[in-house]
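Let's walk through this structure together, beginning with the overall fold and ending inside the protein. Keep the viewer open as you read.

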Amino acid sequence: MSFLRRNRAATPAGPDFDVLAMDPGDWPGNLGAGLLPAPDGSCQGVFLRYDLFGGRGPAMIIGNLPEGSPARDLAEGQIPFEVAQLLDALENDEEVEVTGIEDCPVMQGDNLLIVRKVKLSESRISCVQFDRSDNVLVTIASWDRPISDDLYALLKPLPAELFQQG
């Protein structure tokens, strides 16, 4: 999978927002992370790729896109960036489109999330999105695994040091 990397700064500082994902220590497979840079070197998104298939492709991609990120600007029916990255990583060049969106209330601790379930023409992909209180859009795309409400309890901010290069 070709994650986008910063090419301006010699040592990217990482995102200036909390990245909500699953702790890599809690995940039995391989983890990859990528930063989506803006031309000025600021971070326009973070994507985490969780691989349970032993190097044969990811099981899940979780994206965190702050307000103003160009990856959030989608045309009508266009698949989320995370779904496109998942398909690319799996070397699946099948044409996939959004067929519908359903809003569902979900509790995460004491917080009520309005989760958008993105229905896709490829039934093996599950995709959900929700907005955080800091206007970061979280998108979860999963291959061949349904996304259950239990997953939201596993999501937590990851330490910023995880995204530092040095």
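The paragraphs below go from the secondary structure to burial, the cysteines and the interior space.

Please keep in mind that this is a predicted model. Its chain holds two helices and nine strands. If you trace the elements from the N terminus, you pass through β-β-β-β-α-β-β-β-β-α-β. The contacts tell you how the sequence is brought together: among those with a separation of 6 or more, 52% join residues 24 or more positions apart.

Next, consider what is covered and what is not. The chain has 166 residues, and 46% of them count as buried. About 9000 Å² of the chain is exposed, with carbon and sulfur atoms supplying 45% of that area.

Two cysteines are worth a look here. Cys 104 has a relative accessible area of 12%, so this residue is buried. Cys 127 counts as buried too, because its relative accessibility is 3%; the cut-off for buried is under 20%. As for disulfides, the count for the structure is zero, since a pair would need its sulfur atoms within 2.5 Å.

Finally, how many cavities of 30 Å³ or more does a search of the whole structure find? The search finds one. Rolling a probe the size of a water molecule over the atoms shows where empty space is left. The volume of the largest cavity is about 30 Å³. To find this cavity in your viewer, select its lining: Leu 65, Ala 71, Arg 72, Leu 74, Pro 80, Phe 81, Glu 82, Gln 129 and Leu 137. Sorted by class, that lining comprises six nonpolar residues, one polar residue and two charged residues.

How values were computed:
Residues numbered from 1 in each chain as written. Predicted model: local features only at pLDDT ≥ 70, side-chain atom pairs only at ≥ 80, totals over all residues. Heavy atoms only, no water. Helix = DSSP H or I, 4+ residues; strand = E, 2+ residues; numbered from the N terminus. Buried < 20%, exposed > 50% of the residue type's maximum accessible area, 1.4 Å probe, protein only. Contact = heavy atoms within 4.5 Å. Areas by Shrake-Rupley, 256 points an atom, 1.4 Å probe, with all protein chains shown as cover. 1 Å grid on protein atoms, 1.4 Å probe; cavity = no way out; pocket = protein on both sides within 12 Å on 5 of 7 lines; lining within 4 Å. Points joined across faces, edges and corners; volume = space filled by probe spheres on them. Nonpolar A, V, L, I, M, F, W, Y, C, P; charged D, E, K, R; others polar.
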